[in-house]
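Welcome, and please have your viewer ready for selections by residue number. We will go from stop to stop, picking something to select and looking at what is there.

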Amino acid sequence: MTAVAASAAEPTVHVNGHLVPRSEATVSVFDRGFLFADAVYEVIPVYQGAAFRLREHLARLDRSLAEIAIDNPYSDRQWSTLIRDLTDANNGGDLSVYLQVTRGAPAWREHWRDEPTVATVVAFTGPLYATSPGAADDGVHAVLRDDPRWHRCDIKATGLLPNVLARRDAAAAGAFEAIFHRDNQVTEGAATNVFALHGEELTTPPLDARLLPGVTRAALIEYLDSIGRRCIEQPVPLEQLVCADEVWLSSSTRELLPVTSIDGQRIGSARPGPVWCDVQDGFSRWIREHTGWL
């Protein structure tokens with residue numbers, strides 16, 4: 001990998017094997033990721049210069065690539081080196097790494113042509129929000145939206161226009177997240193997985209083609225099991241969600257957030273619930289204890 005020096009104030013971006021200043025990071029206008037969203041992506045949290053669950057994130061990336069028939073351009077070890085070099089170039093610390101792999105840039109735009117292309121690889125860093133003091137104090141608000149997305153949401157593909165529009169709707173309503181539902185069943189948030197607590201029973205929708213297998217979702221289930229709390233993977237009907245004692249959202253860049261209202265209807269006491277308060281601090285510490293490189 002080659003590097004081009006960036007100014008101290010300008011982030012460094014990886015483009016096809018090169019580290020360049022953000023202002024110089026470009027791809028072809030004929031790239032199929034740009035023209036067709038013919039691409040997949042991954043977001044990996046990094047804490048104090050070490051990645052969280054890197055192997056699991058890379059396994060999900062590999063699966064997404066295989067599902068849309070793009071050869072993985074790198075081995076896990078090469079991805080690890082790429083990500084580590086990128087985070088070092090951006091001063092390490094706490095941040096997120098965005099990876100995107102497209103089918104490449106052929107000479108012309110055509111929906112499909114059985115012609116080999118070289119994958120385009122782009123990676124850059126962004127903020128890692130974790131749980132902000134405001135969320136810990138007040139929780140976040142959510143809205144419900146019918147799930148209009150395609151039927152392979154288990155692939156982490158870049159075609160996210162429905163998610164973008166749902167997040168716009170949420171923002172217009174003064175909410176943080178839009179929670180999708182299909183056939184009266186909760187699927188996931190526009191950029192999160194969803195958990196609902198009733199008494200001592202915590203549930204989350206089971207993995208299938210309707211939702212993304214979140215790495216933080218799986219990590220939370222593992223952590224809960226380690227402290228003697230069980231999470232049941234089963235369908236969550238809408239009526240159960242809105243009457244839950246607590247609702248949580250998980251994601252790679254936000255860890256675990258409490259939802260205190262949905263469509264203006266209060267959840268529980270309309271404050272972060274006691275179980276979330278009990279779980280969050282320990283889970284946050286546990287995450288930071290499970291970081292590293294390949």
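**Stop 1: two turns with positive phi**

Start by selecting Gln48, which counts as exposed at 66% relative accessibility, since exposed here means over 50%. Keep in mind as you look around that this is a predicted model. Gln48 sits in the loop between strand S4 (39-47) and strand S5 (50-52). Check its backbone: phi is positive, about 50°, although Gln48 is not a glycine.

Now select Asn16, in the loop between strand S2 (12-15) and strand S3 (18-21). Asn16 is not a glycine either, and its phi is positive, near 50°. Is Asn16 buried, partly exposed or exposed? With 38% relative accessibility, Asn16 counts as partly exposed.

**Stop 2: Arg53 and its contacts**

Move on to Arg53, in the loop between S5 and H2. Arginine side chains are worth a look in any viewer, so show this one as sticks. Arg53 is buried, with a relative accessible area of 12%; the cut-off for buried is under 20%. Which residues does Arg53 touch, not counting those up to four places away in sequence? Display Val215, Ala219, Glu222, Trp286 and His290 to see them.

**Stop 3: helix H6**

Two of those names lead to the next selection, helix H6 (residues 215-226). H6 has 12 residues and reaches 17 Å from its first C-alpha to its last, close to the 16 Å expected at 1.5 Å a residue. Color its buried residues: Val215, Thr216, Arg217, Ala219, Leu220, Ile221, Tyr223 and Leu224. Val215 and Ala219 are also among the residues that Arg53 touches. Following H6 is Gly228, with a positive phi near 85°.

**Stop 4: the strands around H6**

Add strand S12 and strand S13 (residues 231-233) to the selection: they pair in the parallel sense over 3 bridges. Within this pairing, Thr203 stands opposite Ile232 in S13. Together, S12, H6 and S13 make a right-handed β-α-β unit.

Next, bring in strand S11 (residues 193-198), which pairs with S12 (residues 201-204) in the antiparallel sense over 3 bridges. Leu197 has Leu202 of S12 as its bridge partner. How many residues lie between S11 and S12 in their hairpin? There are 2, and Gly199 in the turn has a positive phi of about 65°.

Before leaving, select Pro206 in the loop between S12 and H6. Its relative accessibility is 21%, so Pro206 counts as partly exposed. Leaving aside neighbours within four places in sequence, Pro206 is in contact with Leu211, Arg217, Glu233, Gln234 and Pro235. Of these, Arg217 is one of the buried residues of H6. For a distance to check, try the C-alpha atoms of Pro206 and Val236: they are 8.9 Å apart in space and 30 residues apart in sequence.

**Stop 5: helix H5**

Now select helix H5 (residues 161-172). Its 12 residues should span 16 Å at 1.5 Å a residue, and the end C-alpha atoms are 16 Å apart, which agrees. The buried residues of H5 are Asn163, Ala166 and Ala170. Look down the helix axis and you will find these buried residues within an arc of 65°, so they line one face of H5. Their cover includes strand S8 (140-146) and strand S9 (177-182). Turn to the face away from the buried side for the exposed residues Leu161, Arg168, Ala171 and Ala172. Just after H5 comes Gly174, with a positive phi of about 75°.

**Stop 6: Thr260**

Select Thr260 in strand S15 (residues 255-262). Thr260 is buried, with a relative accessible area of 2%. Where does its side chain reach? The backbone oxygen of Asp138 is at 3.1 Å. Beyond residues up to four places away in sequence, Thr260 touches Asp138, Gly139, Val140 and His141, as well as Gln265, Arg266, Ile267, Ala270, Arg271 and Pro272.

**Last stop: Asp71**

Finish at Asp71, in the loop between helix H2 (54-67) and helix H3 (76-89). Asp71 is exposed, with a relative accessible area of 68%. Draw a C-alpha to C-alpha distance from Asp71 to Arg254: the two are 30 Å apart in space and 183 residues apart in sequence.

Notes. Residues numbered from 1 in each chain as written. Predicted model: local features only at pLDDT ≥ 70, side-chain atom pairs only at ≥ 80, totals over all residues. Heavy atoms only, no water. Helix = DSSP H or I, 4+ residues; strand = E, 2+ residues; numbered from the N terminus. Expected span 1.5 Å × (residues − 1). Buried < 20%, exposed > 50% of the residue type's maximum accessible area, 1.4 Å probe, protein only. Arc of directions from axis to C-beta. Contact = heavy atoms within 4.5 Å. Pairing = 2+ DSSP bridges. Right-handed = clockwise from strand over helix to strand, strands pointing away. Polar contact = N/O pair within 3.5 Å; in protein donor to acceptor, adjacent residues only side chain to side chain.
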